[in-house]
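Dear colleague,

I am passing on the structure below, and after it I set out what came up when I went through it. Please read my notes with the coordinates open beside you.

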Amino acid sequence: MIWQYLSVFLTSMIPIVELRGAIPVGIAEGLSPVVVYLLAVVGNLIPAPLVILLINKIFELLRRIPWMENKIAWIEKRGHLQGRKVQRYGFLGLFVIVAVPLPGTGAWTGSLVAALLEIPMRKAMPAIIAGVLVAGGIVLAISCGVSAAVT
């Protein structure tokens, strides 16, 4: 059983998948919804400050690899497109980017946007934390509802 919990925790750290994928898997495995939620939220939040602090430096290094330039440019373009919401709405915009559990949103995207817009960590992290908590709640509610409907 420890491996199932560890799987939820680690899956929630993966970009794109994040807690949107980790929570349904944990619920489908029959794990405690409260524990699944907590593990997924914590796991999803761990990369956020690292992304904010390091992503620009990582992008600089990756740009030195010729075939990576276009991929980095694409990621930055997506981040800047999402960043328009943040520039317009501030905290609320960053919160919504993280809280809405749809593809292209989440803690990784919110952290990337914060880094690209050079939002200080002390301002970005509260919005990201609040967004992850809400997204986790939405995904948990949907997952438990689907799980109850299936069983």
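The largest cavity is lined by Glu18, Leu19, Arg20, Asn44, Val98, Gly106, Ala107 and Ala135. Please keep in mind throughout that this is a predicted model. The volume of the largest cavity is about 30 Å³, and the count of cavities of 30 Å³ or more comes to 1. Helix α2 supplies the largest share of its lining, with 3 residues, and by class that lining divides into 4 nonpolar, 2 polar and 2 charged residues.

The open space comes next. The largest pocket holds about 430 Å³, and of the 20 residues that line this pocket, Pro15, Ile16, Ile75, Thr109 and Leu112 are the closest to its centre. Two or more residues of the lining come from each of α2 (18–28), α4 (47–62), α5 (69–89) and α7 (107–116), and among these elements α5 gives the most, with 6 residues. The lining of the largest pocket is made up of 12 nonpolar, 5 polar and 3 charged residues.

Ile16 deserves a second look, since Ile16 is among the residues closest to the centre of the largest pocket and also has a positive phi of about 75 degrees, although it is not a glycine. The residue sits in the loop between α1 and α2, and Ile16 counts as exposed because its relative accessible area is 71%, where the cut-off for exposed is over 50%.

Helix α7 also has a part in both linings: Ala107 belongs to the lining of the largest cavity, while Thr109 and Leu112 are among the residues closest to the centre of the largest pocket. Of the 10 residues of α7, 9 are buried, so this helix is largely enclosed by the rest of the structure. The buried residues are Ala107, Thr109, Gly110, Ser111, Leu112, Val113, Ala114, Ala115 and Leu116, where buried means a relative accessible area under 20%.

After α7 comes Glu118, with a positive phi near 55 degrees, and this residue, too, is not a glycine. Glu118 lies in the loop between α7 and α8 (121–150), and with a relative accessible area of 67% Glu118 is exposed.

On the surface, a nonpolar patch is formed by Val42, Ile46, Leu50, Leu53, Leu54 and Ile58, which together have about 510 Å² of accessible area. Helix α4 contributes the largest share of this patch, 4 residues, and α4 is also one of the elements that give two or more residues to the lining of the largest pocket. Within the patch, Leu53 lies in α4 and is exposed, since its relative accessible area is 51% and the cut-off for exposed is over 50%.

Finally, a word on the start of the chain. Met1 lies in the segment before α1 (2–11) and is exposed, with a relative accessible area of 65%. Between the C-alpha atoms of Met1 and Gln82, which are 81 residues apart along the chain, the separation is 38 Å.

With best wishes

Methods
Residues are numbered from 1 along each chain as its sequence is written. This is a predicted model: local features need pLDDT of at least 70, side-chain atom pairs count only at pLDDT 80 or more; totals for chains, interfaces and linings use all residues. Side-chain values use heavy atoms; hydrogens and water are left out. On a 1 Å grid over the protein atoms alone, a cavity is a set of points where a 1.4 Å probe fits but cannot get out, and a pocket is an open set with protein on both sides within 12 Å along at least five of seven lines; lining residues have an atom within 4 Å of a point. Grid points are joined across faces, edges and corners, and a volume is the space filled by probe spheres set on the points. Ala, Val, Leu, Ile, Met, Phe, Trp, Tyr, Cys and Pro count as nonpolar, Asp, Glu, Lys and Arg as charged, and the others, Gly among them, as polar. Patches are made of residues with over 30% relative accessible area and no salt bridge: like charges are joined within 9 Å, nonpolar side chains (Val, Leu, Ile, Met, Phe, Trp, Tyr) within 5 Å. Accessible areas come from the Shrake-Rupley method with a 1.4 Å probe; for residues, only the protein chains shown count as cover. A salt bridge is a side-chain nitrogen of Lys or Arg within 4 Å of a carboxyl oxygen of Asp or Glu. Buried means under 20% relative accessible area, exposed over 50%, partly exposed in between (1.4 Å probe, protein chains only).
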